2 protein chains.
Amino acid sequence: MKQREQSLLVMKSTLSRLPLYYGYLGRLMQDGVPFVSSSVIADSLNLNPVLVRKDLAGVSSVPGRPRQGFEVAQLYHDLEEFLGYNSKDEAVLVGVGNLGRLLLTTKSFERLGLNIVTAFDKDENLHGLKINDKMIFPVEKMTNLIPRLNVKIGIIAVPEDQAQTVCDQLVASGILAIWNFAFTPLDVPKGILVKNENLAMSLANLSMQLRNKLLYENNNLESHQ
Amino acid sequence: MKQREQSLLVMKSTLSRLPLYYGYLGRLMQDGVPFVSSSVIADSLNLNPVLVRKDLAGVSSVPGRPRQGFEVAQLYHDLEEFLGYNSKDEAVLVGVGNLGRLLLTTKSFERLGLNIVTAFDKDENLHGLKINDKMIFPVEKMTNLIPRLNVKIGIIAVPEDQAQTVCDQLVASGILAIWNFAFTPLDVPKGILVKNENLAMSLANLSMQLRNKLLYENNNLESHQ
DNA sequence: TAGATTGTTAATCGATTAACAATC
DNA sequence: TAGATTGTTAATCGATTAACAATC
């Protein structure tokens, strides 16, 4: 019913903004800016300054200074630490199709602390191949191999109809967190984390908003340009 | 048409759940289930039944019937209509790298109402090529071609450092909604819709949650300084 | 000091959940 | 009718914003 074990320092919504701050701070670093205030950050990212201050309060190891704001390098470092971008998360990938290949080869993910150690696919033409130095194994090896690798994050990039099966195998192999790119929700035992990367949702969202907007504007044609 | 009124009844958060209902209803259809109640939907998707009823109230053209629930086929159709999955949204893609190729070739997007009509890239080796029947043009042609195609959605799948430039060109070409896959927020004029597909955020989210969980389970260490 | 910017407490806003009457 | 399930109104919860005192 009620979860008492809330993260004390940082709200869930905060977490989704931290990578934004991280990116922005990174750009300031490059430009050699030494200090930045919450209101400057807020302006640049279209947020409320109080919100920024609250978010940062839970992350920064050093409080911001009145009249100066936050030290860019320090804050950048703290964000990096907090987000785990410096300590690599090891993960296994299941499904080496277009999307899987993308995840295997995109450098940005490595920078963000994601290290895919191994991939699995059921296509035997791929078995034994390496993509970006990562070996591809048959899916049958999953339950045998994953526990030995001691990896805790699994990425599902297989078609919808295979997602649940793969998910079950990952869980059986000791995986604790699943990044799911299949367009279907997964059934998992309690305690297993699932993050659904639902592009359908995003797309629906954008397309809906656009239609609403166009409709609205059509209804107000008398307004001038 | 009462579409506009309908839309206004639906909360922003509702919108993010509709594709979930749509997917679930689709599976019920396949199984030949004629009726479904809000509580069954809620159970399957881990939601509150009242929330489901509220969401559906804004979408369904026919109210649910006491003792029976909702007619699956009808509701499925209404969701499809509402989400615009039957009426294709035309879009242009900029950036034919790994991700761009994925978007061009993945069938699911077509099913979800996204129709990419043309792609742009700066690599001249790609110019004139077709991927999944979509022609690739030089980016220089954007401002000339897009207005003539009368397309209103643009997809940005270029590297971070080119995202803003591309964005500006899209806006100049009359694009009203942007689906941004670059890991950087975009500066756009008021009135232009932007949906950021920030995988970094999702990943940070999942990795954070996992670390919290492991920490909590291990001992509740105080790692703040 | 004076002024900018911080962090905290209180008020507001929006979304979810609870309670319940209506209905087939 | 009796019971399941609906849709609505009220209460609760969580996140954001406003107000403001503290501080360098």
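**Exercise 1. Which residue of chain A forms a salt bridge with B:Arg111, and how far apart are the closest N and O atoms?**

Before solving, note that this is a predicted model, in which local features need pLDDT of at least 70, side-chain atom pairs count only at pLDDT 80 or more, and totals for chains, interfaces and linings use all residues. Residues are numbered from 1 along each chain as its sequence is written, chains are lettered from A and ligands numbered from 1 in the order in which they are written, and side-chain values use heavy atoms, with hydrogens and water left out.

Step 1. A salt bridge is a side-chain nitrogen of Lys or Arg within 4 Å of a carboxyl oxygen of Asp or Glu.

Step 2. The partner of B:Arg111 is A:Glu160, and their closest N and O atoms are 3.6 Å apart.

Step 3. Between chain B and chain A the count is two salt bridges.

**Exercise 2. Describe the interface of chain B and chain A, from its extent to its composition.**

Step 1. Taking contact as heavy atoms within 4.5 Å, 59 residues of chain B are in contact with 61 residues of chain A.

Step 2. The two chains bury about 5,500 Å² between them, with 71% of it on carbon and sulfur atoms; buried area here is the accessible area (1.4 Å probe) that two parts lose on being put together, summed over both.

Step 3. The rule finds six residue pairs in polar contact across this interface, both residues being at pLDDT 80 or more; such a contact is a pair of N or O atoms within 3.5 Å, where within protein one must be able to donate a hydrogen and the other to accept it, and residues adjacent in sequence count only if both atoms are side-chain atoms.

Step 4. Helices (H or I, at least four residues) and strands (E, at least two) are DSSP runs, numbered from the N terminus. The elements of chain B that each supply at least two residues to the side touching chain A include helix H1 (3–9), helix H2 (12–30) and helix H10 (199–218), and H10(B) gives the most, with 17 residues.

**Exercise 3. Which residues come nearest to DNA strand C, and which of its atoms do they approach?**

Step 1. A residue is near a strand if one of its heavy atoms lies within 4 Å of it; of the 21 residues around DNA strand C, A:Ser38, A:Arg53, A:Gly64, A:Arg67 and B:Arg17 come nearest.

Step 2. An N or O atom in the side chain of A:Arg53 is 2.8 Å from a base oxygen of the strand, whereas in the side chain of B:Arg17 an N or O atom is 2.9 Å from a phosphate oxygen.

Step 3. For A:Arg67, a backbone N or O atom lies 3.1 Å from a sugar or linking oxygen of DNA strand C.

Step 4. Of the strand atoms within 4 Å of the protein, 59% belong to sugar or phosphate and the rest to bases.

**Exercise 4. Is B:Asp78 buried or exposed, and what does it touch?**

Step 1. Buried means under 20% relative accessible area, exposed over 50%, and partly exposed in between (1.4 Å probe, protein chains only).

Step 2. B:Asp78, found in helix H5 of chain B, counts as buried because its relative accessibility is 7%.

Step 3. Not counting residues up to four places away in sequence, B:Asp78 touches B:Val59, B:Ser60, B:Ser61 and B:Val62.
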